[in-house]
Amino acid sequence: MGTRSALWSFANKFFTCGVIGVYVSDRFVGVAPVRGSSMSPTLNPGTTSLMGLPIDDYVLVEKRCLQNYKFSHGDVVVFSSPSNHKERHIKRITALPGEWIGTRHSYDVLKIPEGHCWVEGDNSSSSLDSRSFGPIPLGLVQGRVTHIAWPPQRIGAVVKRTPQDTISSS
């Protein structure tokens, strides 16, 4: 009976910790891998491991900003792709609802609709972002990136910066 009681106690604690972990990662903070070079040099700047293979950054994603959609210029956000909901992208917000944006590579000027934002990667030559698929609904945003959590030599806060030449107030 002692073994069965110990197993039940372990399973109960394991299940409880799992439920609490899922709740915390769903409501408050999670970890997301950064794939590709669209946010380089801010994320995935090309650092390598001992074997010469690239190391992907892993970032902390704060989710409390989703309660009232409180975002600002320069925030790095994780969002579901507008064309494939299974894909997640990480980009920087460059314009918010009601603002006008002028893209660098064309003469187009666009007003961001209510409930949407404009996102761009820091590495514009390698980024699939709003220049490709337009403004994204704020409902697709899954959280704001606050810190790099891995690899150890890159642990630190993600710097908020805004391109000055693309934003205009309404």
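This is a short tutorial dialogue on reading a few side-chain features in a predicted model.

User: How many aromatic pairs does the structure hold, and what describes such a pair?

Analyst: Happy to start there! A pair of aromatic rings is described by the distance of the centres and the angle of the planes. In this predicted model there is 1 aromatic pair. Its partners are Phe79 and Phe133, with 6.3 Å centre to centre and 65° between the planes. Planes over 60 degrees apart count as edge-to-face, so this pair is edge-to-face.

User: Which parts of the chain does the pair tie together?

Analyst: Phe79 lies in strand 3 (residues 76-80) and Phe133 in helix 2 (residues 130-133), so the pair links parts that are 54 residues apart in sequence.

User: Are Phe79 and Phe133 buried or exposed?

Analyst: Under 20% relative accessible area means buried. Phe79 has 0%, so Phe79 is buried. Phe133, at 25% relative accessibility, counts as partly exposed.

User: Where is Arg144 placed, and what does its side chain contact?

Analyst: Good one to look at next. Arg144 sits in strand 9 (residues 141-150), and at 18% relative accessibility Arg144 counts as buried. Its side chain makes a polar contact with the side chain of Asp75 at 2.9 Å. Not counting residues up to four places away in sequence, Arg144 touches several residues, including Leu60, Cys65, Phe71 and Val77.

User: Which residues make the nonpolar surface patch?

Analyst: Val31, Tyr58 and Trp150 make a patch of about 300 Å². Trp150 is found in strand 9 and, at 45% relative accessibility, counts as partly exposed.

How values were computed:
Residues are numbered from 1 along each chain as its sequence is written. This is a predicted model: local features need pLDDT of at least 70, side-chain atom pairs count only at pLDDT 80 or more; totals for chains, interfaces and linings use all residues. Side-chain values use heavy atoms; hydrogens and water are left out. Rings of Phe, Tyr and Trp (its six-membered ring) pair if their centres lie within 6.5 Å; planes under 30 degrees apart count as stacked, over 60 as edge-to-face and the rest as tilted. Helices (H or I, at least four residues) and strands (E, at least two) are DSSP runs, numbered from the N terminus. Buried means under 20% relative accessible area, exposed over 50%, partly exposed in between (1.4 Å probe, protein chains only). A polar contact is a pair of N or O atoms within 3.5 Å; within protein, one must be able to donate a hydrogen and the other to accept it, and residues adjacent in sequence count only if both atoms are side-chain atoms. Contact means heavy atoms within 4.5 Å. Patches are made of residues with over 30% relative accessible area and no salt bridge: like charges are joined within 9 Å, nonpolar side chains (Val, Leu, Ile, Met, Phe, Trp, Tyr) within 5 Å. Accessible areas come from the Shrake-Rupley method with a 1.4 Å probe; for residues, only the protein chains shown count as cover. A salt bridge is a side-chain nitrogen of Lys or Arg within 4 Å of a carboxyl oxygen of Asp or Glu.
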